[in-house]
Amino acid sequence: MAVAQGARKPKPSAGPRAVGLLELTANGKGHLVPVVILYEGQYYDASSYKASPVPMALDSGTVYEGEKTGAPQGLFTISGALHSNDNRWIGAGTWEAAGSQPAKKAAPPKKKPDEDLDGPPVLHRGDAKKPEKPPEPPPAAKAPEPAAPAPSKPAPEAEISAPEDPDRPTLRRGKQTPASVEEAPVMTEVKPGVKSAGLPSSVGPVTVIPAISDASGPEPHTYIYPVKPDDEQNFRKKILTMAAAELKNYQQPNPAPAASKKGTIKRGGTLAGKTALPNFEDVDLKILDLSSSNEPVLVLTAKVLPSRASTTPDLQYFITLVAREDIYGDLHKAFSKITDTQHLDAYPRYELIDAVDADGDGRGELLFRQISDAGKAFILYRVIGDQLWPLYEGAPQ
C-alpha cells in the first residue's frame, strides 16, 4: 500500500512557498501568523526567516490564499508586520472572501523577459498582480534596547517594514488595496472559538484558516474524502476502537513494545481482545484523501475523561491518532500521540490544524499544533504508507 500512495509524486514548487494561519473574525478582520516557508528544498521558520527586520513571509503586499482542507476560501493581502511584546510576528492586512466579488476571466500568462529568469524567486497565491510602482514603505519603528527595563504599561505592537534589498527573495505583490495599520486590529493571542482580548466583544469567535503564498505551484483542490453517512459511522467505530487500545497501552505501567508500535483494526471494527470504549469527548474525525489516490487517511483527535470509579477525577487524556484503510477495509495505525494533564511536560499534546500542500506537489501534508508545558510549536508531517514523516518541527514558543 505504500507504493500506491508514494509512486506518483508531481514536481514540487520551485519556491519560495509560505504557509501561514489566518485568524479571522466574523466581520472579516484578522491577521496572519507565519508558520513555515519552503525555499530551495529546505523548510524554515517563517516567523524568523530573512527577518531583516521583517520576516520575508510578512512583506507588505504579499498575497495569501486561504484554504480550508485544500479548498480555496479567499485572499489575504499583507499591509504591515507587527511585532508584539511576547516576541511574536503577525501580519496585518485585508481579507477578501471567495465569491465576494464577481469572478474575472484570467488573462493568459505572459512570458518573462530573459533578464528576469535569473531574478529572485517570488511568492504568491491567487490571481493578484504586481503593481507598476510599489508604495513607499513607512519608516521603521525603533525597537527598544534589549537591556532596557520593562515599561510600567504594556507597549503597543509596532509596525515594521522591510527595507529594499535586491538579493532578498520576495513575495509577489497583490492587486488588493492594502489596509492602513489603523484598520488592521492589533490582536493578542487567540484560539479557535475564543474571543480575542484585542477586539470588541461583539466581534465573535475566531476562525483559523491555513493560507499559502506561492508564485507557482498547482491549483488548490479539496483533500476531503467523500463518504456516505453509514461509511462514516463505520470509520468512526474502527478509529475509536483503535484509540481505546492505544489508550490502554498508554495507561499500563510497562506496555509491551510490540503492542504500542503496531495495530490493525479489521472491517468489523475489532482488535485482538475485547476493549471497552472509554469516555470519549470532543471527538473530531477527519477523513482525508491526501494523495488523490482514493485511499482514506483518518485523523482523530479526542479527549478522554476519567470514569466515575477513577481515583484521579481531575485527570484527562488527550489522544491524536492517524490511520489508513487498505483495499481490504482494514485500518492500519500510522501515528499515535497520547498525553494527560499530569504529563504535558514530557508528552506534548497534538492538535490537527488542517491538511495543507506545503511543498506544492499537489499532495496534502498534515499540519499539527504541538502543545506542552514548554509552549506551542508547529509540526508538519507527510503520510507515506503506514508512517508519518516529519518535514518541519518548530521550536516551542
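**Cavities, a pocket and buried charge pairs**

About 60 Å³ of space lies in the largest cavity of this predicted model. In total, the structure holds two cavities of 30 Å³ or more. Ten residues line the largest cavity, and those nearest its centre are R17, E67, P220, Y223 and D357. Sorted by class, this lining comprises five charged, three nonpolar and two polar residues.

Two of the residues nearest the centre of the largest cavity, R17 and D357, also form a charge pair. Their side chains meet in a salt bridge, with an N to O distance of 3.9 Å. Because R17 belongs to strand β1 while D357 sits in the loop between β16 and β17, the pair ties together parts of the chain that are 340 residues apart in sequence. Both R17 and D357 are buried. Side chains of opposite charge can pair when their charged atoms come close.

A search of the whole structure finds 13 salt bridges. Another of these joins K238 and E325, whose side chains meet at 3.0 Å, N to O. This pair, too, links distant parts of the chain: K238 lies in helix α2, which covers residues 229-251, and E325 lies in strand β14, which covers residues 317-325, with the two positions 87 residues apart in sequence. How accessible are K238 and E325? K238 has a relative accessible area of 1% and is therefore buried, since buried means under 20%. E325, with a relative accessible area of 15%, is also buried by this cut-off.

The salt bridge between E351 and R349 has an N to O distance of 3.4 Å. Here the two partners are set in another environment: E351 has a relative accessibility of 25% and so counts as partly exposed, and R349, with a relative accessible area of 27%, is likewise partly exposed. Elsewhere, salt bridges that share partners join R17, D214 and D357 into one network. Within this network, R17 and D357 are the residues already met at the largest cavity.

From the cavity, attention may turn to the second largest pocket, which has a volume of about 1200 Å³. Its lining consists of 42 residues, and L21, E23, I353, R369 and F378 are those nearest its centre. Which strands each supply at least two residues of this lining? They are β1 (17-24), β2 (30-39), β10 (207-214), β12 (279-288), β16 (349-356), β17 (365-372) and β18 (375-384). By class, the lining holds 20 nonpolar, 13 charged and nine polar residues. Strand β1 thus appears in two settings, because R17 in strand β1 takes part in the salt bridge with D357, while β1 also contributes to the pocket lining.

A final site is S60, in the loop between β3 (42-45) and β4 (63-68). With a relative accessibility of 36%, S60 counts as partly exposed. A polar atom of the S60 side chain lies 3.5 Å from the backbone oxygen of S79. S60 and G93 are 33 residues apart along the chain, and their C-alpha atoms are separated by 8.7 Å.

Key. Residues numbered from 1 in each chain as written. Predicted model: local features only at pLDDT ≥ 70, side-chain atom pairs only at ≥ 80, totals over all residues. Heavy atoms only, no water. 1 Å grid on protein atoms, 1.4 Å probe; cavity = no way out; pocket = protein on both sides within 12 Å on 5 of 7 lines; lining within 4 Å. Points joined across faces, edges and corners; volume = space filled by probe spheres on them. Helix = DSSP H or I, 4+ residues; strand = E, 2+ residues; numbered from the N terminus. Nonpolar A, V, L, I, M, F, W, Y, C, P; charged D, E, K, R; others polar. Salt bridge = Lys/Arg side-chain N within 4 Å of Asp/Glu carboxyl O. Buried < 20%, exposed > 50% of the residue type's maximum accessible area, 1.4 Å probe, protein only. Polar contact = N/O pair within 3.5 Å; in protein donor to acceptor, adjacent residues only side chain to side chain.
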